[in-house]
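Grab a pencil and keep the viewer open. Each exercise below comes with a worked solution, so try it yourself before reading on.

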Amino acid sequence: MIKRVSLMCHIGTVLLVNPVANASCQLQYKLSVNTETTFVFNSTTSQRINLNGILNLKPLNKDKDGQWWGVKGDNIELSSQGVTQIDNDYVIPFALKRGKNGLIVDFWFTRHTKPEQQEKLKGLVYNMQFRDVNYQGASTEYDGVGQYIANYHRQNNQAVKVKQQYLLSVKKARALDSVDVIASSTRALLDKCWLTDIKTAETLAFNQLGNSYKLTVKQGYQLTPIKQRLASDLWALPNDTSQWPEAKPIVMTLAQKEKLAQEFNVFLKQKSLVEIEPHELARLLVNFAPVFEQLVPLLIEGAFSENDNMRLYHAFGLIDNPQSQQFLTSLLDSIDIDNTDKFRAIQALSQGSGILDPKAYAQFVNLMDSGISDDQNLNNSLIYAAGAMIQFRVDDPAMKNLQTKLQQNLVNAVTAQTQSTFIVSLTNTNSVDNVSHIQEFQASGSAQVRRNVAKSLGQLQTSESFSTLSTMYGNESNPRVKTALIRSLGNYELSGEMTSQIKILAKESTDHTLRKASIDAMAKQIQYQPNVKDDLRALLSSEKSRQNFESIVKAINSNEQ
């Protein structure tokens, strides 16, 4: 699952640390950002987005760690595919703090600024960090994409910054393997306040794990000073941000909502959704959040092709804001939405990483109890997704409560099927806190339950998990459960005695699946017991399954020094 990457304004721009920022340093620029994205997944699609407007900055209070600056955009317009619209998210006033080294170290937002709006604003101003004019050499910095290393130098009268590489962690990026810097150059003229002008050109490549898709973003960013300063609400705001007025959420009139609904319908029908890159589609859909319900009749009548339908749910998963979360849970609660759409809505909710909206959370929990379909497999999918959400979403009280609920539901479960379902869900949390609850079912009279316990304890690895697996292995006679136990035990360092027992099964069992599990478990022990390689080699003469034979050869060769 991929975490949403802001494609607009991720380029590093320039900032000069000024020991004393005063009222004369009220800055105003013409802002221009041109972005071209190329998305490769089966086929190649391209998208161009232009952002234009005015960017205003003024110094606020200063403390021992750095200088606070007020920031506000005005008249920000986005243009894409011949459509131009105002983006009011960029006109919300906020503040950033520049550390003494010139990098951004903190942000401040008004209480009503939504998380997704905060991320957009951060993505805009991360462009404005640049070390002191005299700094040369490498610097580790952070922007909306992640942590990166940049190199600074001087050329003629300009300061130059070049990104070298992103130090992106797979866990943070979820489904991203890497972000490659294809090209990067930021040139700026610095002055006593901040900067006179700046121009950036950069190309980044986002690569998904498994190389299933690749997204390339080429962007130009430019700030040009406005000589005759224009009016802006920022100028009248006090230096103390606690005195700034709270921007109340905008309530749309019925007429405004009807007009937006019409625009939404036009947008949905203007072209195939699969032609729009998922992140870009998510960005465009956010503008229609107040009228997401307009999609319901279109989904019911099957107005979208299969590919467009899948792209739509993918985009909703990327949006991951309160409106999209509430919309997805409302689909799960509708008797008119078919099971395919409900399954994709579950996947979209599982895709998110942010805080789950309280209303969406309450509805999701209720649906876990009541079910969403006559198809029990779909109901189980919803419960499985609850565990995945606990693993990947922000660790907040709601997710803690959800995990507690799953644990209680497992304890209270009566049937083997229900017990198995909640064991899988708790395993999906990837939290070892659930081991004690799961191992209570190690001696269940149901082979299905014991098998799920075995699989779970192979993933949630603790000393208690290993002890339980070892006990189960000694008592188990069911071949399918035994197979699951051996696969899980193979994830641990085994004693020579247990490895020898597994070797006997690998040689003598008549069940080729059980032999395969034994071979794989032995292969994992080579790093601890090098002689196991000889034991595997000895199996080649008796193994009759081609798949198992190939597994043995692969294990021996992959561990050759």
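**Exercise 1.** Which residue caps the N-terminal end of α14? Then check the length of this helix and work out what packs around it.

*Solution.* Bear in mind that this is a predicted model.

- Step 1: look just ahead of the helix. The cap is S446, with a side-chain oxygen sitting 3.3 Å from the backbone nitrogen of Q448.
- Step 2: check the length. Helix α14 covers residues 447-459, which makes 13 residues, and at 1.5 Å a residue it should span 18 Å. The end C-alpha atoms are 19 Å apart, so the value agrees with the expectation.
- Step 3: list what is buried. In α14 these residues are V449, R450, N452, V453, A454, S456, L457 and G458.
- Step 4: find the cover. It includes α12 (416-428), α13 (435-438), α15 (463-475) and α16 (479-489).

**Exercise 2.** Find the disulfide and say which parts of the chain the pair links.

*Solution.*

- Step 1: count. The structure holds 1 disulfide.
- Step 2: identify the partners. C25 and C193 form the bond, and their sulfur atoms are 2.0 Å apart.
- Step 3: place them in the chain. C25 is in the segment before β1 (27-41), while C193 is in the loop between β10 (176-190) and β11 (195-208). These are distant parts of the chain, 168 residues apart.
- Step 4: get the handedness. The angle about the S-S bond is -70 degrees, making the link of C25 and C193 left-handed.
- Step 5: check burial. Both C25 and C193 are buried.

**Exercise 3.** Is T110 buried or exposed? Describe its surroundings too.

*Solution.*

- Step 1: locate T110. The loop between β6 (104-108) and α1 (115-125) holds this residue.
- Step 2: apply the cut-off. Buried means under 20% relative accessible area. T110 has 4% relative accessibility, so it counts as buried.
- Step 3: list the neighbours. Leaving out residues up to four places away in sequence, T110 touches P93, P245 and E246.
- Step 4: look for a polar partner. The side chains of T110 and T113 make a polar contact at 2.7 Å.

**Exercise 4.** Which members of the largest nonpolar core touch the most other members?

*Solution.*

- Step 1: pick them out. Of the 93 residues in this core, they are F264, F267, L285, L295, L299, F316 and L536.
- Step 2: ask which helix gives the most. Helix α10 (residues 376-392) does, with 7 residues.
- Step 3: zoom in on L285. Beyond four places in sequence, L285 contacts F264, F267, F292, L312, A315, F316 and I319.
- Step 4: look elsewhere. Apart from the largest core lies another, of 32 residues, including L27, F94, I104 and L124.

Key: Residues are numbered from 1 along each chain as its sequence is written. This is a predicted model: local features need pLDDT of at least 70, side-chain atom pairs count only at pLDDT 80 or more; totals for chains, interfaces and linings use all residues. Side-chain values use heavy atoms; hydrogens and water are left out. Helices (H or I, at least four residues) and strands (E, at least two) are DSSP runs, numbered from the N terminus. The expected span of a helix is 1.5 Å times one less than its number of residues. Buried means under 20% relative accessible area, exposed over 50%, partly exposed in between (1.4 Å probe, protein chains only). Contact means heavy atoms within 4.5 Å. A polar contact is a pair of N or O atoms within 3.5 Å; within protein, one must be able to donate a hydrogen and the other to accept it, and residues adjacent in sequence count only if both atoms are side-chain atoms. A disulfide is a pair of cysteine sulfur atoms within 2.5 Å. A nonpolar core is a set of buried Ala, Val, Leu, Ile, Met, Phe, Trp, Tyr and Cys residues joined through side-chain atoms within 4.5 Å.
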